[in-house]
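Trainee: I am new to this structure and would like to go through it step by step. Where should we begin?

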Amino acid sequence: MAGNVDDNFVPNVPPLLPRGCKFSPDNGVLIEFYLKKKILGKPLPSDCIPTVEVYSRNPTQLPLPTGDFWRVENEWYFFTTKPHNDSVTLTNDGYYSVIKEEETIKQEDEEIGFMRTLAYFQGTPPSGKKSKWTIYEFRVKPNTIPTIQHDDALKAKVSSFVVCKLSIEKKKRKYTRKNKNDSMKSK
């Protein structure tokens with residue numbers, strides 16, 4: 001059921017993907033085939049996105065699976081509930097803050113949802129230090145879900161349940177050339 005949070009769930013079974021493919025859905029697929037189906041209680045194409053209360057903790061305290069051959073490096077996905085405060089959400093040692101307001105996500109020229117970008121900051125607002133963690137939060141456009149007029153539970157899920165892509169900034173490699181006979185080498 002969407003909205004139930006299991007902080008101990010970390011997917012250990014890879015999705016059914018062809019060899020050599022990585023789980024990195026585009027924004028439209030993430031909303032249409034994962035978030036929307038999760039809200040409606042329908043089977044997902046692959047059960048590889050855990051449901052965790054992301055905004056209640058520092059990203060380093062989240063269950064981040066590592067070494068998975070099917071996952072893109074430095075990129076994790078979670079279903080979670082959207083925080084009530086729309087601009088800043090506090091954790092025990094920092095906060096999430098919106099750095100890019102909501103933009104519309106389309107699939108086949110139809111608006112299906114929205115994405116906003118948040119960064120994690122260490123310390124207290126507004127003087128925290130920006131970390132290398134970024135969250136891309138996706139929510140479904142309410143009128144794309146067939147709701148029954150008086151189904152308040154489904155309306156609540158649509159307005160508060162989101163899927164997030166958590167990423168960490170990769171280290172940049174520096175390249176130098178020792179001499180003109182050496183090839184490019186990384187430091």
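Mentor: We begin with a term: a cavity is a set of grid points where a 1.4 Å probe fits but cannot get out, and its lining residues have an atom within 4 Å of a point. Keep in mind that this is a predicted model.

Trainee: Which residues lie nearest the centre of the largest cavity?

Mentor: The count comes to 1 cavity of 30 Å³ or more, and the largest cavity has a volume of about 80 Å³. Its lining is made up of 12 residues. Those that lie nearest the centre are C48, W70, R71, W76 and Y77.

Trainee: How many residues of each class, nonpolar, polar and charged, are in that lining?

Mentor: Cys, Trp and Tyr are among the residues that count as nonpolar, while Arg counts as charged. Sorted this way, the lining of the largest cavity has 10 nonpolar, no polar and 2 charged residues.

Trainee: Which strands stand at the edges of the sheet, and why is one side of each left without a neighbour?

Mentor: The sheet is open, with 6 antiparallel strands in the order β1-β6-β5-β4-β3-β2. Each edge strand has a single partner, so one side of it is left without a neighbour in the sheet. The edge strands are β1 (75-81) and β2 (88-90).

Trainee: Which residue stands opposite T81?

Mentor: β1 pairs with β6 (residues 161-168) in the antiparallel sense over 7 bridges. In β6, the residue opposite T81 is F161.

Trainee: At about what angle does helix α2 run to β6?

Mentor: Helix α1 (residues 27-40) lies across β1, β3, β4, β5 and β6, and runs at about 65° to β5. Helix α2 (residues 152-160) lies across β1, β5 and β6. Its angle to β6 is about 20°.

Trainee: Is A156 buried, partly exposed or exposed?

Mentor: A156 is in helix α2, and its C-alpha atom is separated by 10.0 Å from that of I39, 117 residues apart along the chain. Buried means under 20% relative accessible area and exposed means over 50%. At 38%, A156 counts as partly exposed.

Trainee: What is the phi of E108 near?

Mentor: Most residues other than glycine have a negative phi. E108, in the loop between β3 and β4, has a positive value, and at 77% relative accessibility E108 counts as exposed. Its phi is near 55°.

Trainee: Which peptide bond is cis?

Mentor: Most peptide bonds are trans. One cis bond, with omega near 0°, leads into P126, which lies in the loop between β4 and β5. This bond runs from P125 to P126.

Terms used: Residues are numbered from 1 along each chain as its sequence is written. This is a predicted model: local features need pLDDT of at least 70, side-chain atom pairs count only at pLDDT 80 or more; totals for chains, interfaces and linings use all residues. Side-chain values use heavy atoms; hydrogens and water are left out. On a 1 Å grid over the protein atoms alone, a cavity is a set of points where a 1.4 Å probe fits but cannot get out, and a pocket is an open set with protein on both sides within 12 Å along at least five of seven lines; lining residues have an atom within 4 Å of a point. Grid points are joined across faces, edges and corners, and a volume is the space filled by probe spheres set on the points. Two strands pair if DSSP finds at least two bridges between them. Helices (H or I, at least four residues) and strands (E, at least two) are DSSP runs, numbered from the N terminus. Contact means heavy atoms within 4.5 Å. Axes are lines fitted to C-alpha atoms, for helices over the stretch in contact, and angles run from 0 to 180 degrees between N-to-C directions. Buried means under 20% relative accessible area, exposed over 50%, partly exposed in between (1.4 Å probe, protein chains only).
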